[in-house]
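This briefing sets out the strand architecture, the main pocket and a few individual residues of one protein model. Please read it alongside the sequence and the coordinates shown here.

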Amino acid sequence: MPGSYPDKIKALPLYDGRFDAYRLAADNSDVLFASYPAGTQIPAHTHDTDNYGVITKGELILTINGETQRVGVGQWYSVPAQVEHAARFEVETDEIEFWFRRSDDDTVPR
């Protein structure tokens, strides 16, 4: 799998999903060390987790609710659960993503 990660990260199980990532699972959350080749596109979708991510190499082009933003190295982004979003990567990109499952008591951060 591509990605500029230390050997300890590369020893983690692989994420079984629509992109390449190493997965660190925890109670009610996952941490994904993801890598995307240039030209990768992830179509509009939603999910049941609140996601936070930081770009460590390259750039994420993120569209949420029809608004597009570019997220570069060292910048953080967030996508609340059940919010439609899409992503694309014009250059090879690595990121660390935190996925938090919601309990019935959680509300969307504003």
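The model is a predicted one. In its largest pocket, the lining residues divide into twelve nonpolar, six polar and three charged. The points below begin with that pocket, continue with the two open sheets, and end with three single residues.

**The largest pocket**

- The largest pocket holds about 270 Å³ of space.
- Its lining comprises 21 residues, and those nearest the centre are Phe 19, His 45, Asn 51, His 85 and Glu 97.
- Two or more lining residues come from each of strand 3 (40–45), strand 4 (49–57), strand 5 (59–64), strand 7 (76–79), strand 8 (85–89) and strand 9 (93–101).
- Strand 8 gives the most to this lining, with four residues.

**The four-stranded sheet**

- Four strands make up an open antiparallel sheet in the order 3-8-5-6.
- Strand 3 and strand 6 (67–72) are the edge strands, each pairing on one side only.
- From one strand to the next, the twist averages 15 degrees.
- Strand 3 pairs with strand 8 in the antiparallel sense over four bridges, and His 45 stands opposite His 85 of strand 8.
- Both of these histidines, His 45 and His 85, are among the residues nearest the centre of the largest pocket.
- Strand 5 and strand 8 are likewise antiparallel and pair over four bridges.
- Facing strand 8, Ile 61 stands opposite Arg 88, Leu 62 stands opposite Ala 87, and Ile 64 stands opposite His 85.
- Six bridges join strand 5 to strand 6, and the two run antiparallel.
- Ile 61 has Arg 70 as its bridge partner in strand 6.
- Strand 5 and strand 6 form a hairpin with two residues between them. In the turn, Asn 65 has a positive phi of about 50 degrees.

**Side-chain alternation in strand 8**

- In a regular strand, side chains alternate between the two faces of the sheet.
- Strand 8 shows such alternation: His 85, Ala 87 and Phe 89 point to one face and are buried.
- Ala 86 and Arg 88 point to the other face and are not buried.

**The five-stranded sheet**

- Five strands make up an open antiparallel sheet in the order 1-2-9-4-7.
- Strand 1 (20–26) and strand 7 each have a single partner strand, so one side of each is left without a neighbour in the sheet.
- Neighbouring strands of this sheet are turned by 20 degrees against each other on average, direction ignored.
- Strand 1 and strand 2 pair in the antiparallel sense over seven bridges.
- Within strand 2, Val 31 is the bridge partner of Leu 24.

**Gly 53**

- Gly 53 lies in strand 4.
- Its relative accessibility is 0%, so Gly 53 counts as buried, the cut-off being under 20%.
- Leaving aside neighbours within four places in sequence, Gly 53 is in contact with Gln 75, Trp 76, Tyr 77, Glu 95, Ile 96 and Glu 97.
- One of these contacts, Glu 97, is also among the residues nearest the centre of the largest pocket.
- The C-alpha atoms of Gly 53 and Leu 12 are 18 Å apart in space, with their positions 41 residues apart in sequence counted as separation.

**Ser 29**

- Ser 29 belongs to strand 2 (residues 29–36).
- With a relative accessibility of 12%, which is under 20%, Ser 29 counts as buried.
- Not counting residues up to four places away in sequence, Ser 29 touches Trp 99, Phe 100 and Arg 101.

**Asp 48**

- Asp 48 sits in the loop between strand 3 and strand 4.
- Its relative accessibility is 58%, so Asp 48 counts as exposed, the cut-off being over 50%.
- Leaving aside neighbours within four places in sequence, Asp 48 is in contact with Ala 81, Gln 82 and Arg 102.
- Asp 48 and Arg 102 are 54 residues apart in sequence, and their C-alpha atoms are 7.4 Å apart in space.

Notes. Residues numbered from 1 in each chain as written. Predicted model: local features only at pLDDT ≥ 70, side-chain atom pairs only at ≥ 80, totals over all residues. Heavy atoms only, no water. 1 Å grid on protein atoms, 1.4 Å probe; cavity = no way out; pocket = protein on both sides within 12 Å on 5 of 7 lines; lining within 4 Å. Points joined across faces, edges and corners; volume = space filled by probe spheres on them. Nonpolar A, V, L, I, M, F, W, Y, C, P; charged D, E, K, R; others polar. Buried < 20%, exposed > 50% of the residue type's maximum accessible area, 1.4 Å probe, protein only. Contact = heavy atoms within 4.5 Å. Pairing = 2+ DSSP bridges. Axes fitted to C-alpha atoms, helices over the stretch in contact; angles between N-to-C directions.
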